[in-house]
Amino acid sequence: MTQRHMYESLHKALVEARQSKGLTQTEIAARLGKPQSFVSKYENGERRLDVVEFLEVCQALAVKPNSILNKIDFDNA
């Protein structure tokens with residue numbers, strides 16, 4: 001799996017987590033104290049999250065970071 005594919009997998013996992021909780025981008029953005037465009041940009045790959053931001057997003061989603069990371073196949077990177 002290339003780095004690009006790993007990022008795509010991460011974006012997809014974050015979108016799925018948000019949608020499975022029935023949350024909108026606006027609701028997550030409010031929890032983060034950020035504009036809705038922040039969520040849109042990381043979900044569509046226009047922006048990358050750093051580690052701290054990733055942890056904050058997971059907290060806003062009420063998911064464990066490992067549950068997101070386990071969806072990415074790092075062995076084939």
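**Salt bridges, helix 1 and the spaces beside it**

E43 forms a salt bridge with R18, and the closest N and O atoms of the pair are 2.6 Å apart. E43 belongs to helix 3 (residues 36–43) and R18 to helix 1, so this pair ties together parts that lie 25 residues apart in sequence. The model described here is a predicted one. Both partners are shielded from solvent: E43 counts as buried at 11% relative accessibility, and R18 is buried as well, with a relative accessible area of 9%. Because buried means under 20% relative accessible area, R18 falls inside that limit at 9%.

The surroundings of R18 can be followed a little further. Leaving aside its neighbours within four places in sequence, R18 is in contact with L23, T24, Q25, I28, E43 and L61. E43, the salt-bridge partner, is thus one of the residues on this contact list.

The structure holds four salt bridges, and two others deserve a look beside the one just described. E16 forms a salt bridge with K12, with 4.0 Å between the closest N and O atoms. Here both residues lie in helix 1, four residues apart, which is about one turn of the helix. In terms of solvent access, E16 is partly exposed, with a relative accessible area of 34%, while K12 counts as exposed at 54% relative accessibility. The E16–K12 pair therefore sits within one helix, whereas the E43–R18 pair joins helix 3 to helix 1.

In another of the salt bridges, R47 is paired with E53, the closest N and O atoms being 2.8 Å apart. The two partners fall into separate accessibility classes: R47 is partly exposed, with a relative accessible area of 27%, and E53 counts as buried at 13% relative accessibility.

Helix 1 appears in several of these descriptions, and its own geometry comes next. Helix 1 has 18 residues and reaches 26 Å from its first C-alpha to its last, close to the 26 Å expected at 1.5 Å a residue. Its buried residues are M6, S9, L10, H11, A13, L14, V15, A17 and R18. These buried residues pack against helix 2 (25–32), helix 3, helix 4 (51–61) and helix 5 (65–69). Helix 1 is followed by G22, which has a positive phi, near 70°.

A positive phi also turns up at a residue other than glycine. Most residues other than glycine have a negative phi. In A62, however, phi is positive, near 60°. A62 is placed in the loop between helix 4 and helix 5, and at 54% relative accessibility it counts as exposed.

Attention now turns to empty space. Rolling a probe the size of a water molecule over the atoms shows where such space is left. The structure holds one cavity of 30 Å³ or more, and about 40 Å³ of space lies in the largest cavity. Its lining is made up of Y7, L10, H11, L14, Y42, R47, R48 and L49. Helix 1 (residues 3–20) provides the largest share of that lining, four residues. By class, the lining of the largest cavity has five nonpolar, one polar and two charged residues. L10, H11 and L14, which are among the lining residues, also appear among the buried residues of helix 1. R47, another residue of the lining, is the partner of E53 in a salt bridge.

An open space is found as well. The largest pocket has a volume of about 210 Å³ and is lined by 11 residues, of which Y7, L10, L49, L69 and I72 lie nearest its centre. Y7, L10 and L49 are also among the residues that line the largest cavity. Helix 1 and helix 4 each supply at least two residues of the pocket lining, and helix 1 gives the most, with four residues. By class, the lining of the largest pocket has nine nonpolar, one polar and one charged residues.

Taken together, these results return again and again to helix 1. Its buried residues pack against helices 2, 3, 4 and 5, and R18 links it to helix 3 through the salt bridge with E43. Helix 1 supplies the largest share of the lining of the largest cavity and gives the most to the lining of the largest pocket.

Terms used. Residues numbered from 1 in each chain as written. Predicted model: local features only at pLDDT ≥ 70, side-chain atom pairs only at ≥ 80, totals over all residues. Heavy atoms only, no water. 1 Å grid on protein atoms, 1.4 Å probe; cavity = no way out; pocket = protein on both sides within 12 Å on 5 of 7 lines; lining within 4 Å. Points joined across faces, edges and corners; volume = space filled by probe spheres on them. Nonpolar A, V, L, I, M, F, W, Y, C, P; charged D, E, K, R; others polar. Salt bridge = Lys/Arg side-chain N within 4 Å of Asp/Glu carboxyl O. Buried < 20%, exposed > 50% of the residue type's maximum accessible area, 1.4 Å probe, protein only. Expected span 1.5 Å × (residues − 1). Contact = heavy atoms within 4.5 Å.
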